[in-house]
Amino acid sequence: MNETIVCVVGNVATQPVYRESAAGPSARFRLAVTARYWDREKSAWTDGHTNFFTVWANRQLAVNVAACVEVGQPVVVQGRLKVRTETREGQQPWASADIDAVTIGHDLARGTALFQRAARPDAPAAVSRPEPNWETPGRTDTQDEQTDQQASEPVAVT
């Protein structure tokens, strides 16, 4: 409920690693995000600090990531941010920033992509129901005659 949702734009830094498990397919890759700023002294854009995130994808998103995401491609990732810190015996403490991805896409501001809908596995056939007839039934000649007769007769108001 109180999760930190982030949207990150960066470049794929490692080849996605795809795995099948009992819980379903998963994939992970590293994402490099470099801040850029305008340096007034040099009158040029300069690269700032680079942050690295481990992006995790599950289920169908993992399958699609493994099929079409490659090193160096610019991507947009949206998901839940999880920061982990750990201290191992005899080593420095370290922190890791992971994103549990909800959606991943190519950054179309920096290139083009050709979208292709993923094929779904054959699902059991749904029970077909007949379409309802929404049209009004046509009038017959005898109904037209009865309506004309009723319209010509005066109506008594009491």
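These are my notebook entries on the fold, the largest pocket, the salt bridges and one buried valine of a predicted model.

**Entry 1. Overall layout**

I started with the secondary structure. The chain has two helices and six strands. Going along the sequence, I read the order as β-β-β-β-α-β-β-α.

I then looked up how much of the chain is covered. Of its 158 residues, 22% count as buried. The accessible surface comes to about 13100 Å², and carbon and sulfur atoms account for 51% of that.

For contacts I took pairs at least 6 residues apart in sequence. Of these, 56% join residues at least 24 apart.

**Entry 2. The largest pocket**

I looked next for empty space. Rolling a probe the size of a water molecule over the atoms shows where such space is left. The largest pocket has a volume of about 630 Å³.

Which residues lie nearest its centre? I noted Asn64, Cys68, Phe115, Gln116 and Ala118, out of a lining of 21 residues.

Helix H1 (59–68) and strand S6 (94–106) each give at least two residues to this lining. H1 has the largest share, with seven residues. By residue type I recorded 14 nonpolar, five polar and two charged in the lining.

**Entry 3. Salt bridges**

I counted six salt bridges. I wrote up three of them.

Glu3 and Arg80 come first in my list. Their side chains meet at 3.9 Å, N to O. The pair links distant parts of the chain, since Glu3 sits in the segment before strand S1 (5–12) and Arg80 in strand S5 (residues 74–86), 77 residues apart. Are the two partners buried or exposed? Glu3 is partly exposed, with a relative accessible area of 49%. Arg80 is also partly exposed, at 23%. I also found that Glu3, Arg80 and Asp100 are linked in a network of salt bridges.

The next pair is Asp47 and Arg36, whose side chains meet at 2.6 Å, N to O. Asp47 lies in strand S4 (residues 44–58) and Arg36 in strand S3 (residues 24–39), so this salt bridge ties together parts that are eleven residues apart in sequence. Asp47 is partly exposed, with a relative accessible area of 48%.

The third pair is Arg84 and Asp98, which form a salt bridge at 3.2 Å, N to O. Arg84 is in strand S5 and Asp98 in strand S6, and they are 14 residues apart; I noted this pair too as linking distant parts of the chain. I checked the cover on each partner. Arg84 has 40% relative accessibility and counts as partly exposed. Asp98 has 9% and counts as buried, because the cut-off for buried is under 20%.

**Entry 4. Val8**

I picked one residue of strand S1 to follow into its surroundings: Val8 is found in that strand. Why does Val8 count as buried? Its relative accessible area is 9%, and buried means under 20%, so Val8 falls in that class.

What does Val8 touch, leaving aside residues up to four places away in sequence? I listed Leu31, Val33, Phe53, Val75, Val76, Val77 and Ile99. I took the spacing for one of these contacts, Val75. Val8 and Val75 are 67 residues apart in sequence, and their C-alpha atoms are 8.3 Å apart in space.

Methods. Residues are numbered from 1 along each chain as its sequence is written. This is a predicted model: local features need pLDDT of at least 70, side-chain atom pairs count only at pLDDT 80 or more; totals for chains, interfaces and linings use all residues. Side-chain values use heavy atoms; hydrogens and water are left out. Helices (H or I, at least four residues) and strands (E, at least two) are DSSP runs, numbered from the N terminus. Buried means under 20% relative accessible area, exposed over 50%, partly exposed in between (1.4 Å probe, protein chains only). Contact means heavy atoms within 4.5 Å. Accessible areas come from the Shrake-Rupley method with a 1.4 Å probe; for residues, only the protein chains shown count as cover. On a 1 Å grid over the protein atoms alone, a cavity is a set of points where a 1.4 Å probe fits but cannot get out, and a pocket is an open set with protein on both sides within 12 Å along at least five of seven lines; lining residues have an atom within 4 Å of a point. Grid points are joined across faces, edges and corners, and a volume is the space filled by probe spheres set on the points. Ala, Val, Leu, Ile, Met, Phe, Trp, Tyr, Cys and Pro count as nonpolar, Asp, Glu, Lys and Arg as charged, and the others, Gly among them, as polar. A salt bridge is a side-chain nitrogen of Lys or Arg within 4 Å of a carboxyl oxygen of Asp or Glu.
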